[in-house]
Amino acid sequence: MVKRRRVRDSSSPNVKMAQFQLPLLPYEKNALEPHISEKTLTFHYEKHHAGYLAKLNGLMESAPFDANSLEDVIVQSSKNEEYSAIFNNAAQVWNHSFYWESMSPKGGGQPTGVMLDLILQSFGSYDSFVKEFTNLGMGQFGSGWVWLVLRKDLLHVTKTPNAHSPIEQGIRPLLVCDVWEHAYYLEYQNRRADYLSVFLNHLVNWEKAQERFQNI
Ligand code: MN
């Protein structure tokens, strides 16, 4: 996940400069083709994700609070409207890092093992999960995110607008799909349903979801 590097300026030892860093993509930029093109992934990672990170690092130089991790920054800034710029950029950095790892070139389709058992316990069937996830993705008006989360030992799907994330409420997500238009417009234009279908059928990384589940 995103790490923060503390650097002390030796000429003025009381000045702290904190920098978050962009995590490497877990695959090549063309690895999700033909479902998500190299062009989309390049813009999404190098312009959008890196852009949020650059803004966050700029804002953190004069942040009114100290925090040791990106999650700390998100939780602290989410409590006060005054810090909305910090919140939006911090959460978008976190959400995108989480999204890249929620996909895999070898992903998609019905999971097996632990994740299938959890899906069946929580939704009754894999098809019910797909329907609920897709309906939430379609129902998110404007920009946002669709999540698979763990709450009280069961899986749930939930959506958040703009930069918001379940971690603000201390809820642990296992997967996320970015439904901002910039995630899919070049390939799918306004056809968000097609993008959600491709995400579930060809990209979703159940191995990572299981690893996240086992680390909670
Ligand atoms: Mn995005």
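**Loops and backbone**

I began with Asn 162, which I found in the loop between strands S4 and S5, and I kept in mind that this is a predicted model. Asn 162 has a positive phi of about 55° although it is not a glycine, and at 42% relative accessibility I put it down as partly exposed.

I then turned to Lys 152, which sits in the loop between strand S3 (144-151) and strand S4 (154-161). Lys 152 is not a glycine either, yet its phi is positive, at about 50°. Is Lys 152 buried or exposed? Its relative accessible area is 81%, so I noted Lys 152 as exposed, the cut-off for that word being over 50%.

Next I looked up the peptide bond from Glu 33 to Pro 34, and I recorded it as cis, with omega near 5°. Pro 34 belongs to the loop between strand S2 (16-20) and helix H1.

Another proline I checked was Pro 105, in the loop between H3 and helix H4 (113-123), where it is partly exposed with a relative accessible area of 43%. Setting aside residues up to four places away in sequence, I found Pro 105 touching Tyr 27, Ala 31 and Leu 32. I also looked up its separation from Asn 215, which lies 110 residues away along the chain, and the two C-alpha atoms are 23 Å apart.

**The metal site**

Which residues coordinate the manganese ion? I listed His 44, His 96 and His 182, each through NE2, together with Asp 178 through OD, at 2.0 to 2.1 Å. Written along the sequence, the spacing of these donor residues is H-x51-H-x81-D-x3-H. I noted that His 44 lies in helix H1 (residues 38-60) while His 182 is in the loop between strand S5 (172-178) and helix H6 (185-188), so this pair ties together parts that are 138 residues apart in sequence. His 44 has a relative accessible area of 1%, and I therefore entered it as buried, a word that applies under 20%.

**Helices H1 and H3**

From His 44 I went on to the packing of its helix, bearing in mind that two packed helices are described by the angle between their axes and the distance between the axes. The axes of H1 and helix H3 (residues 84-101) come within 8 Å and cross at roughly 145°, and the crossing is left-handed. On the H1 side the residues that meet H3 include His 44, Tyr 52, Leu 56 and Leu 59, and on the H3 side they include Asn 89, Val 93, His 96 and Tyr 99. I noted that the residues of this contact divide into 13 nonpolar, 6 polar and 1 charged.

I looked more closely at Asn 89, a residue of helix H3, which counts as buried at 9% relative accessibility. Leaving out neighbours within four places in sequence, Asn 89 is in contact with Tyr 52, Lys 55, Leu 56 and Leu 59.

**The nonpolar core**

Which residues have the most contacts inside the largest nonpolar core? They are Tyr 99, Phe 129 and Trp 206, in a core of 64 residues, and H3 gives the most to this core, with 9 residues. I followed Tyr 99 further and, leaving aside neighbours within four places in sequence, found contacts that include the metal donors His 44 and Asp 178. Among its other contacts are Ile 36, Trp 145, Val 176, Tyr 195 and Phe 199.

Key: Residues numbered from 1 in each chain as written. Predicted model: local features only at pLDDT ≥ 70, side-chain atom pairs only at ≥ 80, totals over all residues. Heavy atoms only, no water. Donors = N, O, S within 2.8 Å, 3.2 Å for Na, K, Ca; no water. Helix = DSSP H or I, 4+ residues; strand = E, 2+ residues; numbered from the N terminus. Buried < 20%, exposed > 50% of the residue type's maximum accessible area, 1.4 Å probe, protein only. Axes fitted to C-alpha atoms, helices over the stretch in contact; angles between N-to-C directions. Left-handed = near helix turned anticlockwise from the far one by under 90°. Contact = heavy atoms within 4.5 Å. Nonpolar A, V, L, I, M, F, W, Y, C, P; charged D, E, K, R; others polar. Core = buried A, V, L, I, M, F, W, Y, C linked by side-chain atoms within 4.5 Å.
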